[in-house]
Each structure stands twice: as C-alpha cells, then as structure tokens.
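Hi there,

Here is the structure I promised to hand over. Have a look at it first, then read on.

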Amino acid sequence: NSNGNLPNDADYWFVNALASMNLSDEVHAELGAGYKNYEDGDFTVLGVMAGIYYQPVDQLTIGLEAEYVQGDADGGQIGADGPPVNDVDTVFVGLVTVYSF
C-alpha cells in the first residue's frame, strides 16, 4: 500500500497483493492483484494476474502468465497538466522463460 504525487501534481494511492503456492517440487502457481486510484477516482486501474511455472532445474523456469487490466477514466486526464487517459479493458497472455546463472 502506498500513495504519492506525480510530477504534474496528480495524487494517487495503490495497493497490491501476491500469493504463491508450490504445487510440487518443480511447479508453482502465483495469483496477484493490484488497484491504483488517481485524483480521487478520476482514473482507476485494476489488474489481476495469474501464472503457473515449471522449474525442471535450478537454472531454468518456464511459465505461462495471464493478466487482466481494467482502467476507468472519469476525468479525462491525470492531474492538471497530465496526459489524457482513456478507458482500458485488456488481457495479456505471455510465455515466460527465465535463465539463472
């Protein structure tokens, strides 16, 4: 949980959470969510993410992730001099590969 102020004097606050669970020695799953509120509700963003990951050896992780992002723009821009914003309703899906040396 945090709050702040952008360079264009737009105030915001946000909260995030992440849960991870081992399903076996090689497989784990993650579920996360976040919410961000700019200028008392003029622009809000909600994101939900889920992923499942396979780690056959310590140096390699392969995973599949999906994220849903929804943004509601009631005020038209962020801050007095900020950029204009539009409503967002998007799904991202990605294949993740991590090599650790």
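Below is what turned up when I went through it, from the whole chain down to single residues.

Before anything else, please keep in mind that this is a predicted model.

**The chain as a whole**

There are 101 residues in the chain, and 24% of them count as buried. For secondary structure, you will find 6 strands and 0 helices, so to speak a β-β-β-β-β-β pattern when you read along the sequence. The accessible surface comes to about 6,800 Å², and carbon and sulfur atoms hold 54% of that. As for contacts, take those in the chain with a separation of 6 or more: 40% of them are between residues 24 or more positions apart.

**How the strands pair**

The part I'd look at next is the run from β2 to β5. Strand β2 covers residues 11-22 and strand β3 covers residues 27-38, and the two pair in the antiparallel sense over 11 bridges. They form a hairpin, with 4 residues between them. If you want landmarks to click on, A19 has L31 of β3 as its bridge partner, and Y12 stands opposite Y38, again in β3.

β3 also pairs with β4, in the antiparallel sense and over 12 bridges. Two bridges to find here are V27 with its partner Y54 in β4, and E30 with its partner G51, also in β4.

Next along, β4 and β5 are antiparallel too, paired over 13 bridges. A hairpin of 2 residues joins β4 to β5. G51 comes up again at this point: it stands opposite E65 in β5. That makes G51 a handy place to step across the strands, with E30 as a bridge partner and E65 opposite it in β5.

**The largest pocket**

Which strands help to line the largest pocket? The elements that give two or more residues to its lining are β2, β3, β4 (43-57) and β5 (60-73), the strands whose pairing is described above. The space in this pocket is about 190 Å³. It is lined by 14 residues, and the closest to its centre are N16, A33, G34, G47 and E67. Sorted by class, the lining has 8 nonpolar, 4 polar and 2 charged residues.

**Three residues to click on**

I picked out three residues, starting with N37, which lies in strand β3. Is N37 buried or exposed? N37 has a relative accessible area of 9%, and because the cut-off for buried is under 20%, N37 counts as buried. Leaving aside neighbours within four places in sequence, N37 is in contact with D11, Y12, W13, F43 and T44. Y12 in that list is the residue that stands opposite Y38 in β3.

Then there is T61, found in strand β5. T61 is buried as well: its relative accessible area is 16%, so it falls under the 20% cut-off. What does T61 touch, not counting residues up to four places away in sequence? The list is Y53, Y54, Q55, V96, T97 and V98. You have met Y54 already, as the bridge partner of V27.

Q55 is the third one, and it lies in strand β4. With 28% relative accessibility, Q55 counts as partly exposed, because that class runs between the 20% limit for buried and the 50% limit for exposed. Its contacts, apart from neighbours within four places in sequence, are E26, L60 and T61. Q55 and T97 both appear among the residues that T61 touches. Between Q55 and T97 there are 9.9 Å in space, C-alpha to C-alpha, while in sequence they are 42 residues apart.

If you'd like a route through the model, start at the β2 and β3 hairpin, carry on to the β4 to β5 hairpin, and finish with T61 and the residues it touches.

Cheers

Methods: Residues numbered from 1 in each chain as written. Predicted model: local features only at pLDDT ≥ 70, side-chain atom pairs only at ≥ 80, totals over all residues. Heavy atoms only, no water. Pairing = 2+ DSSP bridges. 1 Å grid on protein atoms, 1.4 Å probe; cavity = no way out; pocket = protein on both sides within 12 Å on 5 of 7 lines; lining within 4 Å. Points joined across faces, edges and corners; volume = space filled by probe spheres on them. Nonpolar A, V, L, I, M, F, W, Y, C, P; charged D, E, K, R; others polar. Buried < 20%, exposed > 50% of the residue type's maximum accessible area, 1.4 Å probe, protein only. Contact = heavy atoms within 4.5 Å. Areas by Shrake-Rupley, 256 points an atom, 1.4 Å probe, with all protein chains shown as cover.
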